[in-house]
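This report describes one protein model together with its ligands. Please examine the sequence and the structure shown below before reading on.

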Amino acid sequence: MRTQVGIIGAGPAGLLLSHILHLQGIESVVLERHSRDDVEAIIKAGVLEQGTIDLMNEIGAGERMMKEGFRHEGIVLRFDGRDERIDFPSLTGGKSVMIYAQHDVIKDLIKARLDSGGDIRFESKDVSVYDLDSTEPKIRYRDKEGVVHEITCDFIAGCDGTQGICRPSIPAGVLKVYERLYPFGWFGILCKAPTSSDELIYSMHERGFALVSTRSPDIQRMYFQCSPTEKIDDWPDERIWEEFRARLATKDGWAPKEGQIFSKTVIGMRSLVVEPMRYGRLFLAGDAAHVVPPTGAKGLNLAASDAQILARALAAHYQSKRSDLLDQYSDTALRRVWKATRFSWWMTSMLHTFPGADEFQHRLQLAELNYVTGSRAGSTTLAENYVGLPIE
Ligand code: APR
Ligand code: PHB
C-alpha cells in the first residue's frame, strides 16, 4: 500500500503529527508496537506549556484537558527553608501551564484520530524502514496476525521515542550525538493523599532536590533526587516520608500530606540531542531525536513543537510544492530543542546537589536562587522558559 506520511510511534509526537496533517488534508498511517490499552496507560509527567495547550485546542482535542486539567499560574522555589513564588502570567504576558497527565493527552489524541477515521495500527511488530534516501521510502512491519506488510511513503516520520528503530536506521556517521549524563536520578512516588500545595514545589536542599507535583485532588506525584542506581527495596514507605519531610521542611514547619504509596520508580537523568533531525526522507521528532532531564518538564512539549514544525513543513510541500521548510526542519526544530535542553540543564544544575559538591557550590546555588527569585529579569527568564518559548 501507499500513504503520504508513514509515522512510526503513537506517542505525543506521532499522534499530534498525524492529526495536524489530517486537518491539512494530508494522509498518514501510524504504526505502534504496543496495544492501545498499553499506550494509554504509560504514566509520564504532564505539564503542558501554553503553546501545547493552544495546540490541543486548535486541533479540537482539548475539550477534556480544559475541563479536567489544572491550570497553574506559577511554581514555588523552596530553598533556605523558605518559599519564593514565580508568577507566570505577570511575567509572560498572561501565559500559564496546565497539569494534565501525558496518558490523558494520549487518550484524547487517539480518540480524535479514530473519530476522524485515522489509521493507527497498534501491535505492529518488527517495524523497519528502508530506502530512506530515495523518493519512495518504505516501512515494513508484521501485524498482530503475523502477516508482513509494506507501506510505500512520500515521507517517514520517526516518532518512536528513545528506544525506537528510526534513529538507529540512519547510517553510521551521519548523526552527531551530544549527550550529558547526570550523576543522579529521581525516586518517584504516586500516593493517595490530598494535595499538599496549590502549585508545584521545586525544593533545593543539601540532602538533594525534591519536587511536589500532583495528578489529581486525591493522587499526588512526588520525587526526590537519588543515586542513579538506587534500589527501590531499600525504601520502605516510612523512610520515603522521612526523606520528603527533611528535604521539604521550611522555617514555618511545612510538611507534605502523607498517604498510601502505590507506585515507586527510579528514573535516570540525561540530556541528549542528535543532529541533524533528518536523513533523506526520514524526519525524526520528539524523544527519537532528543531527551531532556525531567526537571523542566519539557519532554512532551518538545515532542509537540517538533510535530508542529514538521507538519507545517509537510503542508508547505503538499500545498505549495515548497521544499524550503522541509529543508529547514532540522535547524528550526533544533533551535528550540537546544533552548529547552539548556533550560532543563540549568534547572537541574541550580536545584540538585552534585556528588562531591562543597559548601562553596551550595552557596553559589543559593545565590542563584536568590537572584532568580529576587530580580524581575531573573524570574522572567525562568517563567518564559517554563511556559514555553515560541517556535521561531
Ligand atoms: N515500532 C513501533 N512503535 C514503536 C517502536 C517500534 N520499533 N519503538 C517505539 N515505539 C513507540 C512506543 O511504543 C511509543 O508509544 O513509539 C512511541 C514513542 O512515544 P514516546 O516515547 O512517548 O515519544 P514521543 O512521542 O517523542 O514523546 C516524548 O514522551 O516519553 C515521553 O518523556 C517523554 O514526555 C516525553 C514524550
Ligand atoms: C510530574 O508531575 O511528573 C512532573 C512535574 C514537573 C516536572 C517533572 C515531572 O518538572
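In which strand does Asp 126 lie? Asp 126 belongs to strand E9, which covers residues 125–130. The model in which this residue is seen is a predicted one. Asp 126 is not a glycine, yet its phi angle is positive, at about 50°.

A further backbone feature concerns a proline. The peptide bond that joins Glu 275 and Pro 276 is cis, with an omega of about -10°. Pro 276 is placed in the loop between strand E16 (260–275) and strand E17 (278–279).

## A sheet of three strands

Strands of a sheet pair through backbone hydrogen bonds, and the pairing is either parallel or antiparallel. In this model, an open sheet of three strands follows the order E3-E7-E4, and its pairing is antiparallel. Strand E3 (47–48) and strand E4 (70–72) are at the edges and have a single partner strand each, so one side of each has no neighbour in the sheet. E4 and strand E7, residues 97–99, run antiparallel and are joined by three bridges. Within this pairing, Phe 70 has Ile 99 of E7 as its bridge partner.

## The surroundings of ligand 1

Ligand 1 has 24 residues around it, and those that come nearest are Glu 32, Lys 44, Gln 102, Asp 287 and Leu 300. Sorted by class, the shell around ligand 1 consists of eleven nonpolar, eight polar and five charged residues. Two helices, H1 (12–23) and H8 (299–320), each provide at least two residues of this shell. Of the elements, H8 contributes the most to the shell around ligand 1, namely three residues.

Several protein atoms lie within a few ångströms of oxygen atoms of ligand 1. For Pro 12, a backbone N or O atom is 3.2 Å from an oxygen atom of ligand 1. For Ala 13, the distance from a backbone N or O atom to an oxygen atom of the ligand is 2.9 Å. Gln 102 takes part through its side chain, of which a polar atom lies 2.9 Å from an oxygen atom of ligand 1. Taken alone, ligand 1 exposes 710 Å², and the protein buries 87% of that area.

## The surroundings of ligand 2

Which residues come nearest to ligand 2? Of the 13 residues around ligand 2, these are Tyr 202, Ser 213, Arg 215, Tyr 223 and Pro 294. The shell around ligand 2 has nine nonpolar residues, two polar residues and two charged residues.

The following table lists contacts with oxygen atoms of ligand 2.

| Residue | Atom of the residue | Distance to an oxygen atom of ligand 2 |
|---|---|---|
| Ser 213 | polar side-chain atom | 2.6 Å |
| Tyr 223 | polar side-chain atom | 2.5 Å |
| Pro 294 | polar backbone atom | 3.0 Å |

Taken alone, ligand 2 exposes 280 Å², of which the protein buries 99%. The elements that supply two or more residues to the shell around ligand 2 are E14 and E15. E14 provides the largest share of this shell, with three residues.

## Cavities

How many cavities of 30 Å³ or more does a search of the whole structure find? The search finds three such cavities.

The largest cavity has a volume of about 70 Å³. Among the residues that line this cavity are His 72, Thr 195, Asp 198, Glu 199, Val 212, Ser 213 and Met 222. Strand E14 (210–216) and strand E15 (219–226) each give at least two residues to the lining of the largest cavity. E14 gives the most to this lining, with three residues. By class, the lining of the largest cavity comprises three nonpolar, seven polar and two charged residues. Ser 213 thus has a place in two parts of this report: Ser 213 helps to line the largest cavity, and a polar atom of its side chain lies 2.6 Å from an oxygen atom of ligand 2.

The second largest cavity holds about 60 Å³ of space. Its lining includes Glu 49, Lys 298, Arg 336, Phe 343, Asn 385 and Leu 389. Helix H9, residues 324–351, supplies the largest share of the lining of the second largest cavity, with four residues. The classes in this lining are four nonpolar, two polar and four charged residues.

Note on methods. Residues numbered from 1 in each chain as written. Chains lettered and ligands numbered in written order. Predicted model: local features only at pLDDT ≥ 70, side-chain atom pairs only at ≥ 80, totals over all residues. Heavy atoms only, no water. Near = heavy atom within 4 Å. Polar contact = N/O pair within 3.5 Å; in protein donor to acceptor, adjacent residues only side chain to side chain. Areas by Shrake-Rupley, 256 points an atom, 1.4 Å probe, with all protein chains shown as cover. Nonpolar A, V, L, I, M, F, W, Y, C, P; charged D, E, K, R; others polar. Pairing = 2+ DSSP bridges. 1 Å grid on protein atoms, 1.4 Å probe; cavity = no way out; pocket = protein on both sides within 12 Å on 5 of 7 lines; lining within 4 Å. Points joined across faces, edges and corners; volume = space filled by probe spheres on them.
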